[in-house]
Every structure is written in structure tokens, then in C-alpha cells.
Amino acid sequence: MKTSAQLVADKLLAQREAIVGAVVTRMFQAHPELELRWGQAGREKCRQDCGYHLSYLAEAISAENVALFTDYVAWVKVMLAQRGIGEADLAAHFTRLRSVLQERLAPEEFEVAGRFLTAALAAMPTMPADLPVVIGTHAPLSALAHQYLSALMRGERHLASQLILDVVERETPVKAIYLHVFQPALYEIGRLWQTNRISVAQEHYCTAATQLIMSQLYGRIFSHERNGRTLVATCVAGDLHEIGARMVTDFFEMEGWNTFYIGANAPTPSVVATVLDRRADVLAISATITYHVPAVEELIAAVRRSPAGASVKILVGGYPFNLAPDLWQKIGADGSAPDAQGAIALATSLVTAGASPS
Amino acid sequence: MNTALPGPELFAAAADHGIALLCEFDGRVRHIVRDELALADRVPPGASIITLADPGSAEKARQFLASVQSQHAAFDWEITVPLHGALVPLHWAGGATSDGLLIVAARTRNGLTRLNEELSRINNEQTNTVRAITKDLALAAACAAERDDALYDEVSRVNNELSNLQRELVRKNGELERLNTQKNQLLGMAAHDLRNPLGVISTYAEFLAEEAGDVLNEEQREFVANIRESSEFLLKMINDLLDISAIESGKLRLDLAPVSLAALLQRNIALNRVLAEKKHIHIELRLDADLSALLLDAGKIQQVLNNFLSNACKFSHPGTTVTVRLYQAGDDAVISVRDQGQGIPAAELDRLFTPFQKTSVRSTAGEQSTGLGLAIARKIVAGHGGRVSVESEVGHGSTFSFTLPLSSHAI
């Protein structure tokens, strides 16, 4: 049985094309100079962006969580500010979206959707226009993290790799490298892209190089004593941001779990089959994009319907679940944790409780 | 003094410098409109625009020119140009006007767009054409950027998949290494525990045959003989298993000492001759090289020889000859054992040296084999830095050889 909020979200997605079309048409009517300046390509880009806004809005409404939407708007504000599009333009855009929704939705439906837009518009002036540097100067291994990142920014992946292998050789635990070098470096790369300081190409290069360097440490990760527990981990289809989920899986491996990471392009039946074949104790599903949450929900439902459903515990994780702490319950998971250590503790307690019901 | 060193923004601007030229329809330069790259000397009026390109890219430049001529516009072709002593890929664009071609090239796609925008602000006879091209360029640039973004995403997906695959491979490899170690330990342990009781069975069967031979009847003596033969074969198999598991777990220990190969062969063949004669097979030795002593594990090399010779006898018919040769080939000493036996089908030769692989060829007097001898021989020879090889022809016989590097000369 769907909630009234979910019905509103469904309606937004069903009318997506029409809503986006109306918003963009009005925008170009109000500002004819845009047509001259950007032409057809600009109009297409606008449609795409507006489509994203609507997807995030629908998912936040469906989860009844305002933070999911305001946080996204804060991200958009930083991203556009560094590309020369100011807060006023963004506010005008969301105001236009709100009036289109007011015309298209029933009053009680608009009351729900409008509340999210109003909240985002109200919070917009206090949202930062730039983001602070991620790698602190006093954090452990911060000097290494800085060296590592600057090597990657110069395109010197061999040097970056050597930096890491050297400290691992000197007995720095792989976990520390993950937590204090790779993770902050990747967050910083995300921030640099969001604030238009690096190109898409640089961002992809840094991520790819980090994945390669991680794989050079696998020999150490897969030599731990086993504890007899099995984890299957996956990303929802289409999510490009796999590296975080793989890192969490590696942490499980380092804790003695037998882990199987099956990536983002495994179709649902093959995820279900892997859970069965490997007799997984825990299935971990990651999503980084808020509007991928429905795909997580569908995957959970499919696993629950399968013969594996009765015994396997399902954990979810990633950005949207960190923003909305009770979202996991709504989509039928057994729990969620904000980081790798939390996920391992939660998985262990779920498996232990499941093994000896008392 | 205030030096005129360029600031960072000037360097940044230089990064997207470009050149704009007006050309005849056939591509000969008429007039250089803008030259931020100092290339003017290379294309004097009348020279072909193609001469700007590196000779290796001339064909691509010709294709670009043909595209401008036939389509009236071309955008963002990467063509390499020699620039300040290096080969630099420039982004090229061009369009046809009513009286000629306008060609623009810049270090980056953004530079290309900027140069076009600047040109469109200059009031000259090409303004309208440049404006028209600029609009096309902006659209094409947006499409190209989007196409690039989509490709970056796709490359990321490929990279993700490769990373996942790599993770799985390393994981499986670790598992296999663990299993292999366990297998070797198990094999070693089982073989040890089997060998002792077997030795007892074999020895007592021997006692029985010798001490109670008179009391036993013909049939009973045959029983005892069967017990002895079978337990000895089992013992041989267990010894081979122990050898192979020791070798595979990296414990091939060679006891190296200076050895004369010729003397070793003579001794070994004298022993093997006795066994061969029983089957009326003659072993002939030909020493075709006079070699000084080599550093060898004499016991292990004898094991290889015993294996080659016992195989040669097993698969040969009575009345034939087995020829053992020692000779030099390049930097190696070669020992070959040639028989006049049944030969081995070509399809089976490849797996001869793999453990437990037996051929379809039957021994001539029902002798048994463990299927491990040649695998052990190969490992021993490899441990000495040599190679084993086989040539065979069905119906004519086989030649098994192994090499030993002469560089292992005893000093």
C-alpha cells in the first residue's frame, strides 16, 4: 500500500517530460537572450538538469525526507556557482518549477511537493557557495594524502602508486591507507570537480588510478584468517560510483569475512543467484544517487521473494541513507551504517542474533 | 626592475593559443588572419595549408581539407603540427565562404571556440561566415563535449569491471595457493604414513619367499611373489608421489658436486644393462663429447637416466637396441636415449611430462608405470637449468633427451 507522499512522487515521475518541458519553455520565454547565447544545445542541457532536479525531488518526497532534497540543492548550488551560474538564477528556476507544479497538481498534492521546494528555497541563502578542503592538515597520514593527490593531479600514477607501496612496505596497515589516504583523496577529487577546479577527464583519471593502486594491495587484503561468514556486495545498476562500495567490501574481507563484490551491472537474477550459491550471510547494497533508492528497494524485494530471502540479512549504504537515517526501514532492509566499521559491527550483530534466536 | 615575466594567467592563455587563415578553395594560403602560435613563416602565401601538418598527419590534413571543401564546414579534427620543436595535436576547424576557405586551429577545443568568437567580432568581409560557423561550432562543441562525457562514463564502467575482475582473480588466486599448499602437505603426510607399513609387507614377503620357499607349493610361491611385486610397485609409486609433492612445494634440494658425465653414464648403464639383458635388450653407449666435470646432483641425474632407460626397455621388444648418447650442442651437454620400440602417437607427446598422464602405448611385458617418472625427470632437469624433450615415430621408436648447461662447469 503506497503512502500519499509516494503517490505524489509517482505522479511527478509520470509527468516528468511535460513538467520539464513547461519549466524550460518558460525559462527561455522569460530570457530570450539565452536562446541566442546557448541555442538548441543549451536548451537540451537545461532539460537534462531540470530532469535531475525532478528525480531528486520525487525521491525525497517518496522517502518523506526534506534533507534528501535540500542537500542535493546545496550540492547544485556549489556546482553551478563555480560555473558562473548564481544563486538568483537557481532560485528563479526552482520558483518556476514550483509554479508549474502548482498548476499541474491537485491542491493536496501540491501541498506536499511545494513544501519541499519552499524548504530548499528558504535554505538556499545560507548554503555555502564553496566547499572547504577535505584533507585536514592534522589528520593521520594527511601529508601522504596530499602527496598522493597531487601526484594524481599531475597524472603521475606510478609515483602515486610508489608512495602507497612504500608506506605499506613499512608496515602501515592497509586499513589506514584506505581510511586516511584513499577516502579523503577521493572526497577531495569530488570537491574539486564540483567546484570546477578539475575536468571530468581528471576526475575519471584519479578514480581509475586509485582503483588500480588499490588492486596492488589486494594481495595483503586476501591473506587474512577466515571467520566463516560470507558477504555478497553490489551496487544498484547504472551507478558509476563503485569505488566506495568496493572499499567497504574490502574492509569486511580484512575482518575475516569471505567477500564477493559483484559490481553495478549484475542483473537482479544474478545477484539473487550469487546470494544463494555463496550462501551469503549478508547482502550489502550500495547507492550513491538518491533517485537510485527505488532500484535498491526493488532488488531487496526480489531477494526476499527468493529462497535465499529467509536467511540472508540485507544492509544498505551510501549517500542517501546517510542523509535519511530511517530510509533503510522504508525500503525493507535490515539496517544501514554510515561507514565501513559501522557496517561490519552491524552485520556481525545481525548474523549473531539470527544464528541463535533467544 | 619590473621584469616582464608572464604571470600564470598568461601561461593559461598560451595553453589555448591558435592560428586562423584564409585560403583559396584548393587550400593554398591567401592571408593569415591571426597567428598566436608563430607559425606564419611555415605557411607563406601560396603554400598549401597541409604543409602546416606533421608529415605523418598530412593524409589526415588532406581529409580535413576535403571535408571542408565538400561539406562547407568541418569541426574539431585533431591534426598534429610540429610546434616549438615538439609534435603537438591541434584542434582544427574550417568553413567555406563565398570566395575561399577559413581555417582555424588551436591547442584546445576551447581555444578554437574563443578564436572564432574573436574573429566574429572583427568587422571584415568574412564576418557573416564566421558568425555562421561559430554558431555551428558552439552546437558541435556541446555535442562533442557531451559525447566525450558519455565516453568517460563508459571508460569508467570498463575500469570498474576490470577492477572487479582483478579483485576476484586475486581472491581466487589466494584461495588456490592455500589449497595447493594443503594438497602438498596432505600428499606428503599420506605418503609417509603409507610407506612404512608397505616396507614391512614387502620385507616380510621377501623373508617368506627365501626362508619358507621349500615348504610352499608352486601356487603359494606365486602368491608370495605377487605380494612382493605389488607392494614394491606401490612403494615405488609412493616414492614418486613424495618426490613430486616435495618438488611441487618448492623443496627440490640439489646436492651439487663436480661430476664427470661420461663416468656417471658408464656406471649407470652397467647397472641398467643387467635388467635389460633379462628382456634381451642391448644398451649401447656412445660418448661423442669430451666434457669436463659439471656441477650436478649425481643421484638425481641417475634418477632421470633410470627413468628414461627403464621406459625405453618397457616399451621395446626383445632383440632391439637402446642407444645412449652424450654430445655437445651449443652451450649444452645433451644426453639422449633412443629406442627401437613402438613409438608414441604425436598427439600424446605434449602431455607426456605431466603428472599421472600415461600414453595409449602398452609395455611389451606387462610392466607397470606410476605416470609420475617423466614429470619428476622434467622437474629435476629444470632444477639443473636444462630441458627435456622427446621425438617419436610410431613403429620406429622414440628418443628422449635432456640438456645440462655447460656453464655449470665445476671450477
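These notebook entries record what I looked up in a predicted model with chains A and B.

**Chain A, overall**

I began with the secondary structure of chain A, which comes to 17 helices and five strands. I then looked up burial: of the 358 residues of chain A, 39% count as buried. For contacts in chain A between residues at least 6 apart in sequence, I noted that 73% join residues at least 24 apart.

**A:Ala22**

I located A:Ala22 in helix 2 (residues 16-30) of chain A. Is A:Ala22 buried or exposed? I found 19 C-beta neighbours inside 10 Å, and A:Ala22 therefore counts as partly exposed; the cut-off for a buried residue is 20 or more. I also checked A:Ala22 against A:Leu101: the two are 79 residues apart in sequence, yet their C-alpha atoms are 9.8 Å apart in space.

**Helix 4 and helix 6 of chain A**

I next examined helix 4 (residues 66-81) and helix 6 (residues 107-123) of chain A, whose axes come within 9 Å and cross at roughly 45°. Because of that angle, helix 4 of chain A is oblique to helix 6 of chain A. I recorded the crossing of these two helices as right-handed. Which residues make the contact? On helix 4 of chain A they are A:Val66, A:Phe69, A:Thr70 and A:Val73, and on helix 6 of chain A they are A:Phe116, A:Ala119, A:Ala120 and A:Ala123. I sorted the residues of this contact into seven nonpolar, one polar and no charged.

**Contact between chain A and chain B**

I turned to the contact between the chains, which takes 20 residues from chain A and 21 residues from chain B. On the side of chain A that touches chain B, the elements giving two or more residues are helix 3 (32-62), helix 10 (200-215) and helix 11 (218-221) of chain A. I noted that helix 10 of chain A supplies the largest share of that side, seven residues. By class, I found nine nonpolar, nine polar and two charged residues on the side of chain A that touches chain B.

**Five-stranded sheet of chain B**

In chain B I traced an open sheet of five strands, ordered 2-1-5-4-3 with antiparallel pairing. Strand 2 (29-35) and strand 3 (73-83) of chain B stand at the edges; each has a single partner strand, so one side of each lacks a neighbour in the sheet. I recorded an average turn of 25° between neighbouring strands of this sheet, direction ignored. Within the sheet I followed strand 1 (residues 18-23) and strand 5 (residues 101-106) of chain B, which pair in the antiparallel sense over six bridges. I found B:Ala106 in strand 5 of chain B as the bridge partner of B:Gly18. Helix 2 (residues 58-71) of chain B lies across strand 3, strand 4 (86-96) and strand 5 of chain B, and I noted its direction as about 155° to strand 3 of chain B.

**Strands 7, 9 and 10 of chain B**

I looked up the partners of strand 9 (residues 321-329) of chain B, beginning with strand 7 (residues 282-287) of chain B, which runs parallel to strand 9 and is joined to it by six bridges. Here B:Arg286 stands opposite B:Arg325 of strand 9 of chain B. Strand 10 (residues 332-338) of chain B runs antiparallel to strand 9 of chain B, with seven bridges between them. I identified B:Arg338 in strand 10 of chain B as the bridge partner of B:Thr323. Strands 9 and 10 of chain B form a hairpin with two residues between them, and I noted a positive phi of about 65° at B:Gly330 in the turn.

Conventions:
Residues are numbered from 1 along each chain as its sequence is written. Chains are lettered from A and ligands numbered from 1 in the order in which they are written. This is a predicted model: local features need pLDDT of at least 70, side-chain atom pairs count only at pLDDT 80 or more; totals for chains, interfaces and linings use all residues. Axes are lines fitted to C-alpha atoms, for helices over the stretch in contact, and angles run from 0 to 180 degrees between N-to-C directions. Helices (H or I, at least four residues) and strands (E, at least two) are DSSP runs, numbered from the N terminus. Angles under 35 degrees count as roughly parallel, over 145 as roughly antiparallel, 65 to 115 as roughly perpendicular and the rest as oblique. A crossing is left-handed if the near helix is turned anticlockwise from the far one by less than a right angle, and right-handed if clockwise. Two residues are in contact if their C-beta atoms, placed from the backbone, lie within 7 Å. Ala, Val, Leu, Ile, Met, Phe, Trp, Tyr, Cys and Pro count as nonpolar, Asp, Glu, Lys and Arg as charged, and the others, Gly among them, as polar. Two strands pair if DSSP finds at least two bridges between them. A residue is buried if 20 or more other C-beta atoms lie within 10 Å of its own, exposed if 12 or fewer, and partly exposed in between; C-beta atoms are placed from the backbone.
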